[in-house]
Amino acid sequence: MKNFIHFRHMRSFLMLWASQAVSTMGSAMTSFALLIWVYQQEGTATSIALLSFFSTRDTLQYSTIPISLFLGGWLADNVFEPFMAKTSAMQGFFTLLVGEGKGSGMAVMLLFTGLIGCLGCLAAKG
């Protein structure tokens, strides 16, 4: 039971997570209200479609924040750090990119996150 997480020790983290969840909900509600306002002002399908596309993209982007706050630590501790501790060809390649030692698994996770974000931006643009 030594590794069991007590939520009372995570009060600051839970407050951050809850505030991000509320912020995400507020952003989604603002996007919806803006759609209604643009429809009342313009009345055209083109303006609604454009605004809907861009607000949906932002909503999808920001909705991942609460999920990543919970999954980031677990992935670093249980997937990426053990991966970087073992010797393999892939580990050797990533060692050239991010170095070795404690925290190299977290660096690999951030590298993957950055690459996925870049690919997502390129896919949304193209």
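In the predicted model, residue A85 is placed in helix α2, and with a relative accessibility of 65% it counts as exposed. The C-alpha atom of A85 is separated by 22 Å from that of G114, a residue that stands 29 positions apart from A85 along the chain.

Helix α2, which spans residues 45-85, also takes part in the nonpolar interior of the model. The largest nonpolar core consists of six residues, namely A76, F80, M84, F94, V108 and M109. At least two residues of this core are supplied by each of α2 and α4, the latter covering residues 104-125, and the largest share, amounting to three residues, comes from α2. Among the core members, F80 is in contact with L75, G105, V108, M109 and F112 when residues up to four places away in sequence are not counted; of these partners, V108 and M109 are themselves listed in the core.

With respect to cysteine pairing, the structure holds zero disulfides. C118 is in no disulfide, and the nearest cysteine sulfur, which belongs to C121, lies 6.6 Å away; for C121, likewise in no disulfide, the nearest cysteine sulfur is that of C118, at 6.6 Å. Because a disulfide requires the two sulfur atoms to be within 2.5 Å, the separation of 6.6 Å does not qualify C118 and C121 as such a pair. The surroundings of the two residues can be described by their solvent accessibility: C118 is partly exposed, with a relative accessible area of 48%, whereas C121 is exposed, with a relative accessible area of 55%.

Key
Residues are numbered from 1 along each chain as its sequence is written. This is a predicted model: local features need pLDDT of at least 70, side-chain atom pairs count only at pLDDT 80 or more; totals for chains, interfaces and linings use all residues. Side-chain values use heavy atoms; hydrogens and water are left out. A nonpolar core is a set of buried Ala, Val, Leu, Ile, Met, Phe, Trp, Tyr and Cys residues joined through side-chain atoms within 4.5 Å. Buried means under 20% relative accessible area, exposed over 50%, partly exposed in between (1.4 Å probe, protein chains only). Helices (H or I, at least four residues) and strands (E, at least two) are DSSP runs, numbered from the N terminus. Contact means heavy atoms within 4.5 Å.
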